[in-house]
Amino acid sequence: MVDFRYARQSRVDARAVVDQGLRAYMLGIYNYMALGVAVTAIVVMASYTIPAFGALVNVLAFPAMIGLIAMGFFAQRLLMGGTVARAHMVYWAYVALWGIGIAPMVNRYLGVNPSIVMTAFLSAAATFGAMSLWGYTSKRDLSGMGAMAGMALIGLLIAGLVNLVVAMFTGITAAAMMISMVISFGFVIFVSLITAWETQAIKEMYVEADSSEAVARKSVFGAFVLYGSFISIFVNILQILGFMNSND
């Protein structure tokens, strides 16, 4: 009679190894992401406290946003197609550019009411954490939801651009501000849904047989993706709170 106990135990042991590797992989991603947020915060605070640097950042903010858009198009090729060193270089450049790009807006709120910035950050962290945890633990395939949320974001981007163009010609009216707030709410909702899908997709990228270099590249890529979603949530919550505060 065949004893299956050893075979079952072997499968359990193998699964434990995979789970341990997966946890280490995801922890590495979140660590890189947290460090990226810290670097962005340092850039923003330096621009707020050092007048000369702040003036330079104000000039570079728009080019930095253009650079971020360009990096978004080529992120996967840049991060996954080269060395780990290049992946790190791209990632840290990305988080620094975000710091430069959002610094003028964040500094404006810091000058008026610093508590708005802290509230926005904590709200973004809670929202991101909940949605990323859902994506990590969910057994449901979230790719369809992610695709629909992505299409909704494209619609919101177009609406935002139209609203911006109209405001340029007619002035910033109460209606334009209200539309901006609605768009920001939509961004928070749909980017949050995308965060869950991204987390699930990043989790599924893990392969036990990958080399250490492949795992390192995937970790940096995962941090790049999730960091972008976190910052997007933060920026839009900050805009919502700023709008609400202006009407107090």
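Me: In this predicted model, is Ser184 buried or exposed?
Reply: Its relative accessible area comes out at 4%. The cut-off for buried is under 20%, so Ser184 counts as buried.

Me: Which helix is Ser184 found in, and what is Ser184 in contact with once its neighbours within four places in sequence are left aside?
Reply: Ser184 sits in helix α6. With those close sequence neighbours set aside, the contacts of Ser184 are Asn236, Gln239 and Ile240.

Me: And Ile183, what is its relative accessibility?
Reply: Ile183 has its place in helix α6. Under 20% is what buried takes, and Ile183 counts as buried because its relative accessibility is 11%.

Me: Which residues is Ile183 in contact with, leaving aside its neighbours within four places in sequence?
Reply: There's a sequence-distant residue to mention before the contacts: the C-alpha atoms of Ile183 and Leu153 are separated by 9.3 Å, with their positions 30 residues apart along the chain. As for contacts beyond four places in sequence, Ile183 has Leu156, Ala159 and Gly160.

Me: Let's follow Gly160. How far apart in space are Gly160 and Val182, C-alpha to C-alpha?
Reply: Gly160 belongs to helix α5, residues 143-170, and counts as partly exposed at 25% relative accessibility. Along the sequence, Gly160 and Val182 are 22 residues apart, and from C-alpha to C-alpha the separation is 9.8 Å.

Me: Zooming out, what pattern does the chain follow along the sequence?
Reply: The chain has seven helices and zero strands. Reading along the sequence, you get α-α-α-α-α-α-α.

Me: How much of the chain counts as buried?
Reply: Start with the contacts: among those with a separation of 6 or more, 89% are between residues 24 or more positions apart. As for burial, the chain has 248 residues, and the part that counts as buried is 40%.

Me: Now the helix packing. At what angle do the axes of α4 and α6 cross?
Reply: Two packed helices get described by the angle between their axes and the distance between those axes. Here α4 (residues 114-137) and α6 (residues 174-204) have axes that come within 7 Å, and they cross at roughly 45 degrees. That angle makes the pair oblique. So the value you're after is roughly 45 degrees.

Me: Is the crossing of α4 and α6 left-handed or right-handed, and how do the contact residues divide by class?
Reply: α4 goes past α6 in a right-handed crossing. The contact takes in Phe128, Met131 and Trp134 among the α4 residues, and Leu193, Ala196 and Lys203 among those of α6. By class, the residues of this contact are six nonpolar, seven polar and one charged.

Me: What about α4 and α7, how far apart are their axes?
Reply: α4 and α7 pack at an angle of about 135 degrees, and that makes α4 oblique to α7. This crossing is right-handed. The distance between the axes is 8 Å.

Me: How many charged residues does the contact of α4 with α7 have?
Reply: On the α4 side you'll find, among others, Ile116, Val117, Phe121 and Phe128, and the α7 side includes Phe230, Ile233, Phe234 and Leu241. Sorted by class, the contact has 14 nonpolar residues, five polar ones, and no charged ones.

Me: How many salt bridges are there in the whole structure, and which residue pairs with Asp210?
Reply: Side chains of opposite charge can pair when their charged atoms come close. Searching the whole structure turns up two salt bridges. In one of them, with the closest N and O atoms 2.5 Å apart, Asp210 is paired with Lys218.

Me: Which partner in that pair is buried?
Reply: Asp210 has a relative accessible area of 25%, so that one is partly exposed. A value of 12% is under the 20% cut-off, so the buried one is Lys218.

Me: And the Arg217–Glu213 salt bridge, how far apart are the closest N and O atoms?
Reply: Arg217 and Glu213 are four residues apart in helix α7 (residues 212-246), which means about one helical turn separates them. Arg217 counts as buried at 18% relative accessibility, whereas Glu213 is partly exposed at 38%. In this salt bridge, the closest N and O atoms are apart by 3.1 Å.

Terms used
Residues numbered from 1 in each chain as written. Predicted model: local features only at pLDDT ≥ 70, side-chain atom pairs only at ≥ 80, totals over all residues. Heavy atoms only, no water. Axes fitted to C-alpha atoms, helices over the stretch in contact; angles between N-to-C directions. Helix = DSSP H or I, 4+ residues; strand = E, 2+ residues; numbered from the N terminus. Parallel < 35°, antiparallel > 145°, perpendicular 65-115°, else oblique. Left-handed = near helix turned anticlockwise from the far one by under 90°. Contact = heavy atoms within 4.5 Å. Nonpolar A, V, L, I, M, F, W, Y, C, P; charged D, E, K, R; others polar. Salt bridge = Lys/Arg side-chain N within 4 Å of Asp/Glu carboxyl O. Buried < 20%, exposed > 50% of the residue type's maximum accessible area, 1.4 Å probe, protein only.
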